[in-house]
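Q: Got a minute to go through this one with me? Let's start with how the copies are arranged.
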Protein chains: 2
Amino acid sequence: MPHRAIGIFDSGVGGLTVFKEIAALLPEENLIYLGDTARVPYGTKSVETVQRYAFEAAEFLVAQGVKILVVACNTASAVALPALRQRFKLPVIGVIEPGARKAIYSQNRHIGVIGTEGTINSGRYPEAIRTLLPDAQIFSVPCPLFVPLAEEGWAEHEIARLTATEYLQPLITAQIDTLVLGCTHYPLLRKTLRQVLGSGVTLVDSAEETAKSISQIFTQEGLSIPEYGGQRRFFVTDVPTRFERVGRAFLGAELDRVEQVQIG
Amino acid sequence: MPHRAIGIFDSGVGGLTVFKEIAALLPEENLIYLGDTARVPYGTKSVETVQRYAFEAAEFLVAQGVKILVVACNTASAVALPALRQRFKLPVIGVIEPGARKAIYSQNRHIGVIGTEGTINSGRYPEAIRTLLPDAQIFSVPCPLFVPLAEEGWAEHEIARLTATEYLQPLITAQIDTLVLGCTHYPLLRKTLRQVLGSGVTLVDSAEETAKSISQIFTQEGLSIPEYGGQRRFFVTDVPTRFERVGRAFLGAELDRVEQVQIG
């Protein structure tokens, strides 16, 4: 069982930011990544559709014999986690609870959350944060243009800065001291967000905390690999070309030998 | 046969700009629209994947008994038209040839083309324009951010103007006098494009010309409806809520009674 891989899925390239943190914290583990690039994005789609896609992605990874399922997509974590946990008999971890656990270190308890329409509409971040910090004041804003800006390679472009200024104005007005980056694309906009918000606001990226949660589960459940594996496999549902090109910035490394599969 | 509907499909809401022109020119015809909103967008996906989706959309419309198939999506028109014509025994019309026929009225024969990555990479617009005007100089630029800007309702926002300035600079340098709006979303950015390019550049929107082509085919082939039908039906592959909300701006009218179907 410990030799089995960690299965990670996302709608596309964004989850590579989570993959990267897991690979850094648990370099000896075998990792399998699935990007559902034929149907990306999930963030603008309905709960029903995202749930169906998440099931199909999870089924593919489970068929590869993974020992844990990591939902490295905020939208899918927001709408499909309980259903995935019910269906599959292995640990399933999303990115929202780990993000919420980091957010509650807010000093003034004014916490901002940004994400896709799907993630923000779900209300899952406020719910997860209030479970831990009942008197938190939470301000949520969907930022649909951040994903295409990051994928265009314009994360630090003047246009990204203006877009962030527009989206984040209500959060600045609300005097948040903590901002949850509720979409796996957003860490690429870190510098831009920092410019707009100033240095007084803590940016919470779920990726790192998700990797820590996995490590804890492995220790608790005896799932850690006893020797070096370190294999990495990448699967996508569309032709790999674009994934390989755009994915580099997310992984911070070259992507090669990406395999195409059909799911659903 | 004439009583049968005109079948129109697109990856999402964009094709409603084509639907609108067809409804205006041929108000007596029955129209069926399919938006593949569960898998939108097509513009960033591979040729193989877009071809598969286009087949499945066409199959749904053909099963409704339509008399003509209108591919109201530039990306699908660019990569799937010959295959659709081969597979289905009814007239199939795309938006690229009609657009090209309008573009060749360029005075200086410097013609710009903007579209999705898929449309621009296909090279179909330059090919269609050069067939009609062999010495045309054609300058093509993909503009991936225009679709999310239009869907965000920011088509006339300062950020759209800056984005257009960035994308269109090479076309201004090339002194184009004609710009083909090679994506059904782009007519919403007309004012912004006009501001950036100035009044000396003619903007070519395929929608109107596509409607004229359909009218011509109907006259030639005796397909015109002899009396008033005027029924309009809308189908989508995801939950209709977002389509109804975002689609209003594209259709210029309310969308109601949109039905959800599963294809593929």
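A: Sure. Copies are superposed by least squares on the C-alpha atoms of residues with pLDDT of at least 70 in both. This is a predicted model, where local features need pLDDT of at least 70, side-chain atom pairs count only at pLDDT 80 or more, and totals for chains, interfaces and linings use all residues. Residues are numbered from 1 along each chain as its sequence is written, and side-chain values use heavy atoms, with hydrogens and water left out.

Q: OK, what turn and shift lay chain B on chain A?
A: A turn of 180° and a shift of 0.0 Å along the axis, giving an RMSD of 0.0 Å. That's the relation of a two-fold axis.

Q: And which residue of chain B comes closest to that axis?
A: B:R39, with its C-alpha at 2.4 Å.

Q: Switching to the sheet: what's the strand order in chain A?
A: β6-β5-β7-β8, an open sheet of 4 strands with parallel pairing. Strands are DSSP runs of E, at least two residues, and helices are runs of H or I, at least four, numbered from the N terminus; two strands pair if DSSP finds at least two bridges between them.

Q: Which strands stand at the edges?
A: β6 (137–142) and β8 (202–205) of chain A; each has a single partner strand, so one side of each lacks a neighbour in the sheet.

Q: How many bridges join β7 to β8 in chain A?
A: 4, with β7 covering residues 178–182. A:T178 stands opposite A:T202 in β8(A).

Technical notes:
Chains are lettered from A and ligands numbered from 1 in the order in which they are written.
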